[in-house]
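Colleague: Could you take me through this structure, please? I should like to begin with the overall picture and then turn to a detail.

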Amino acid sequence: MSVLAHVIEAAGISTVVLASMRPVVEKMRPPRSLYCEFPLGRPLGIPGDAEFQHRVLTEAFSLLDTTADHGPIIRDFDEVVESDEQPVECALPPRFDPNLPACVDEARGLRNAYDRAVAKRRHTDVGRAVDADTVPEVLAAFHRIASGDDWTTVAIPGKNTVAVMHDVRAYYEEAALELVGTAGARSLEAWFFEATEAGKTTLAARQAIKDGGGPFPFWFYMAPGHR
Amino acid sequence: MREMGKNLPVPTFDGTAWASAPRLRDATVAIVTSAAIHRAHDDRFSAGDTGYRMIPSDAHDLVMGHWSPNFDHTGFQIDLNVVFPIDRLHELAADKVIGRVAPRHYSFAGNQPDDVSAIRLDSGPAVAAELKRDGVDVVLLTPV
């Protein structure tokens with residue numbers, strides 16, 4: 001962002017950065033920055049809170065109202081928004097088909113909630129590598145790897161594990177948001193990896209691929225680095 | 001991630017450019033984001049994509065194209081304004097706090113190659129030229 005601020009300002013357009021990492025703007029010195037200590041991924045702070053978002057914008061645009069003729073100007077927003085690391089309380093579907101791996105059964109059971117979410121939003125973040133129909137097949141492949149099958153012999157639909165995991169998480173998160181309404185930053189990540197069968201199976205498959213000598217980017221980015 | 005940011009190698013600039021804006025109530029305002037959001041039917045961002053996508057002012061069919069699993073995507077799913085505050089800008093224009101909302105906005109991928117030379121020399125200046133063409137006076141930059 002700070003690079004683009006330099007480039008765009010040099011073209012004669014005033015810029016204001018909503019900065020999420022203070023040391024980065026201190027080093028890169030874009031013309032005007034409002035440092036906001038909000039969860040990464042939420043630069044306006046709180047989704048669904050127009051009043052709060054307007055406060056951020058008012059503060060950001062106030063950096064333009066200055067007699068200064070040079071930067072950098074860095075100001076701190078006066079309120080901190082914390083992430084919520086606790087798994088969101090979201091009901092999971094009951095076991096339906098005992099012949100299926102639990103993660104596959106679970107993904108199928110969330111389909112109605114996912115479909116309602118897509119109908120409401122009119123589009124979906126699922127689809128980078130696989131579609132919603134394929135999510136249970138992905139989890140079936142991860143289940144096989146987690147259960148001991150050699151990862152090199154298991155066909156993972158979508159192939160690119162990073163893109164596939166984007167889709168699996170988007171499927172679960174969109175379904176969960178339909179069920180719980182809203183969630184703090186990271187609480188759905190915690191829910192996915194700590195509460196769902198899909199998350200647990202993903203982490204087990206990731207470990208199995210790592211232990212089986214899989215290339216670092218292939219398994220590491222299947223989950224956030226701290227997991 | 002924030003801890004990592006303290007030691008992140010970053011490109012440096014010899015100086016800080018400075019452009020004076022007209023009064024905010026007369027200014028045309030655009031958003032440029034590094035959230036890799038794009039319209040659902042647009043080309044997706046590839047990993048390491050140094051290009052950009054244009055977002056018309058009235059588009060709400062936006063999806064998150066960022067590749068990193070390390071930050072929260074759900075805020076955007078709940079309310080796109082928490083990343084791309086387009087509805088807020090329209091409200092500010094209706095209230096005559098800003099002059100007008102630019103017709104076109106731009107999105108880049110945040111996870112750029114370390115030297116960021118492409119957005120510094122190619123795609124960044126290309127977007128700046130498009131913004132100039134639309135008469136944009138002020139750009140709000142939103143990261144993820």
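Modeller: The overall build of the chain comes first, followed by one pair of helices. This is a predicted model, in which local features need pLDDT of at least 70 and side-chain atom pairs count only at pLDDT 80 or more, while totals for chains, interfaces and linings use all residues. Residues are numbered from 1 along each chain as its sequence is written, and chains are lettered from A and ligands numbered from 1 in the order in which they are written.

Colleague: How many helices and strands are there in chain A?

Modeller: Chain A has 10 helices and three strands; these are DSSP runs numbered from the N terminus, with helices (H or I) of at least four residues and strands (E) of at least two. Their order along the sequence is α-β-α-β-α-β-α-α-α-α-α-α-α.

Colleague: And what does the C-alpha trace span along its principal axes?

Modeller: The trace of chain A spans about 70 × 40 × 30 Å.

Colleague: Now the helices: at what angle do α4(A) and α9(A) pack?

Modeller: Helix α4 (residues 102–109) and helix α9 (residues 197–211) of chain A pack at about 140°, with axes 8 Å apart. Axes are lines fitted to C-alpha atoms over the stretch in contact, and angles run from 0 to 180 degrees between N-to-C directions.

Colleague: Which residues make that contact?

Modeller: From α4(A) they are A:Ala102, A:Cys103, A:Glu106 and A:Ala107, and from α9(A) they are A:Glu197, A:Ala198 and A:Thr201. Two residues are in contact if their C-beta atoms, placed from the backbone, lie within 7 Å.

Colleague: What share of contacts in chain A with a separation of 6 or more joins residues 24 or more positions apart?

Modeller: Such pairs account for 64% of those contacts.
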